[in-house]
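Here is a friendly walk through a protein model, with its surface patches as the starting point. Have a look at the structure first, and then read on.

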Amino acid sequence: MRFLAPYLAGGAVAAVLGAAGLAWHLSAEVDRLQARAQILDTMLTGCNGRVADLHLDKERDDAVDSIPDSDLGRSVPDRWLLPAE
């Protein structure tokens with residue numbers, strides 16, 4: 001048994017070092033994935049903001065489009081009715 005002790009100790013050290021290396025690698029992978037999730041969340045927030053702006057723009061366009069032609073003189077600025085120069 002005495003001749004196996006150095007091999008068992010070396011195997012235990014190798015196992016501990018391997019486990020520590022795996023833990024370090026997985027920790028780095030978790031950090032990378034959390035950063036990627038934050039980037040994707042920021043991109044999604046930007047997309048949601050653009051969609052909200054489009055809906056608001058459409059509502060404003062619909063409000064102007066619903067004005068009868070006879071009321072355009074009072075509701076719409078003159079510069080909108082004049083041809084472009």
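## Surface patches and overall fold

In this predicted model, Met1, Phe3, Leu4, Tyr7 and Leu8 make a nonpolar surface patch of about 650 Å². Methionine 1 sits in the segment before α1. Is methionine 1 buried or exposed? Methionine 1 counts as exposed because its relative accessibility is 70%, and the cut-off for exposed is over 50%.

A second patch is negative, and Asp53, Asp57, Asp61 and Asp65 form it. Aspartate 65 belongs to helix α1, which covers residues 5-65. With a relative accessible area of 62%, aspartate 65 is exposed too.

The two patch members described above can be set side by side:

| Residue | Relative accessible area | Place |
|---|---|---|
| Methionine 1 | 70% | segment before α1 |
| Aspartate 65 | 62% | helix α1 (residues 5-65) |

Now for the protein as a whole. What does its secondary structure come to? There are three helices and zero strands, and along the sequence they give the pattern α-α-α. The protein has 85 residues, of which 1% count as buried. Its accessible surface comes to about 7700 Å², and carbon and sulfur atoms account for 65% of that.

A word on confidence is useful here. The mean pLDDT of the protein is 88, and 88% of the residues score at least 70. Which element has the lowest mean pLDDT? That is helix α2 (residues 72-75), with a mean of 66, while α1 has the highest, at 94.

Key
Residues are numbered from 1 along each chain as its sequence is written. This is a predicted model: local features need pLDDT of at least 70, side-chain atom pairs count only at pLDDT 80 or more; totals for chains, interfaces and linings use all residues. Side-chain values use heavy atoms; hydrogens and water are left out. Patches are made of residues with over 30% relative accessible area and no salt bridge: like charges are joined within 9 Å, nonpolar side chains (Val, Leu, Ile, Met, Phe, Trp, Tyr) within 5 Å. Accessible areas come from the Shrake-Rupley method with a 1.4 Å probe; for residues, only the protein chains shown count as cover. A salt bridge is a side-chain nitrogen of Lys or Arg within 4 Å of a carboxyl oxygen of Asp or Glu. Lys and Arg count as positive and Asp and Glu as negative; His and the chain ends are not counted. The place of a charge is taken as NZ of Lys, CZ of Arg, CG of Asp or CD of Glu. Helices (H or I, at least four residues) and strands (E, at least two) are DSSP runs, numbered from the N terminus. Buried means under 20% relative accessible area, exposed over 50%, partly exposed in between (1.4 Å probe, protein chains only). pLDDT is the predictor's confidence in each residue, from 0 to 100.
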